[in-house]
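I am opening a new page in my notebook to write down what I look up in this structure, one entry at a time. I will begin with the whole chain and then turn to single residues.

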Amino acid sequence: KRFKQGVQSSMTNERIKTLEKIGFAWDSNAEVWQNRFKQLVEYKVLFGDCAVPSSYTLNPQLAIW
């Protein structure tokens, strides 16, 4: 964040590229959302809807998402 704002930082373009090569998530909230969405799509394939019950023990976090 500081690097993007032009504030002195230990982050360099080379370090950014290195992190991106290993799939580093710069926006962890977006990453979590994407993962939950994928899980919901998989749920829908299995059950035909997106109404994940609160008692869904295979993925309790999906039920409260």
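What share of the 65 residues in the chain is buried? I looked this up for the predicted model, and found that buried residues make up 14% of the 65 residues.

**Entry 1: the chain as a whole**

I went through the secondary structure and noted 3 helices and 0 strands in the chain, which gives the pattern α-α-α when I read along the sequence. The radius of gyration is 18 Å, well over the 11 Å that the globule rule gives for 65 residues, so I wrote down that the chain is more spread out than a compact globule. Along its principal axes the C-alpha trace spans about 50 × 20 × 15 Å.

I then looked at the contacts with a separation of 6 or more, and 17% of them are between residues 24 or more positions apart. For the surface, I noted that the chain exposes about 5700 Å², with carbon and sulfur atoms supplying 54% of that area.

**Entry 2: Leu-40**

I looked next at Leu-40, which is found in helix H2. Is Leu-40 buried or exposed? Its relative accessible area is 15%, and because buried means under 20%, I entered Leu-40 as buried.

Leaving aside the neighbours within four places in sequence, I found Leu-40 in contact with Cys-50, Val-52, Leu-62 and Trp-65. For one of these, Cys-50, I also looked up the spacing: Leu-40 and Cys-50 are 10 residues apart in sequence, and their C-alpha atoms are 6.6 Å apart in space.

**Entry 3: Arg-36 and Gln-61**

Arg-36 also lies in helix H2, and I wanted to know which side chain of opposite charge is nearest to Arg-36. This is Glu-42, at 10.0 Å, and Arg-36 has no salt bridge although Arg-36 is buried. A salt bridge needs a side-chain nitrogen of Lys or Arg within 4 Å of a carboxyl oxygen of Asp or Glu.

With the neighbours within four places in sequence left aside, Arg-36 is in contact with Gln-61, Leu-62 and Trp-65. I followed this up at Gln-61, which lies in helix H3 and is partly exposed, with a relative accessible area of 43%. Gln-61 and Arg-36 are 25 residues apart in sequence, and I noted 8.4 Å between their C-alpha atoms.

From Gln-61 I also looked across to Ser-28, whose place is in helix H2 and which is partly exposed, with a relative accessible area of 47%. The C-alpha atoms of Ser-28 and Gln-61 are separated by 16 Å, with their positions 33 residues apart along the chain.

**Entry 4: the loop between H2 and H3**

Where is the place of Asn-59? I found Asn-59 in the loop between helix H2 (28-47) and helix H3 (60-64), and noted that Asn-59 is buried, with a relative accessible area of 17%. A polar contact of 3.0 Å joins the side chain of Asn-59 to that of Gln-39.

Ser-54 is found in the loop between H2 and H3 as well, but I entered Ser-54 as exposed, with a relative accessible area of 73%. Ser-54 and Ile-64 are 10 residues apart along the chain, and the separation of their C-alpha atoms is 6.9 Å.

**Looking back over the page**

I end with two residues from the loop between H2 and H3: Asn-59 is buried, whereas Ser-54 is exposed.

Notes:
Residues are numbered from 1 along each chain as its sequence is written. This is a predicted model: local features need pLDDT of at least 70, side-chain atom pairs count only at pLDDT 80 or more; totals for chains, interfaces and linings use all residues. Side-chain values use heavy atoms; hydrogens and water are left out. Helices (H or I, at least four residues) and strands (E, at least two) are DSSP runs, numbered from the N terminus. Buried means under 20% relative accessible area, exposed over 50%, partly exposed in between (1.4 Å probe, protein chains only). A polar contact is a pair of N or O atoms within 3.5 Å; within protein, one must be able to donate a hydrogen and the other to accept it, and residues adjacent in sequence count only if both atoms are side-chain atoms. Lys and Arg count as positive and Asp and Glu as negative; His and the chain ends are not counted. Contact means heavy atoms within 4.5 Å. The radius of gyration is taken over C-alpha atoms; the globule rule is 2.2 Å times the number of residues to the power 0.38. Accessible areas come from the Shrake-Rupley method with a 1.4 Å probe; for residues, only the protein chains shown count as cover.
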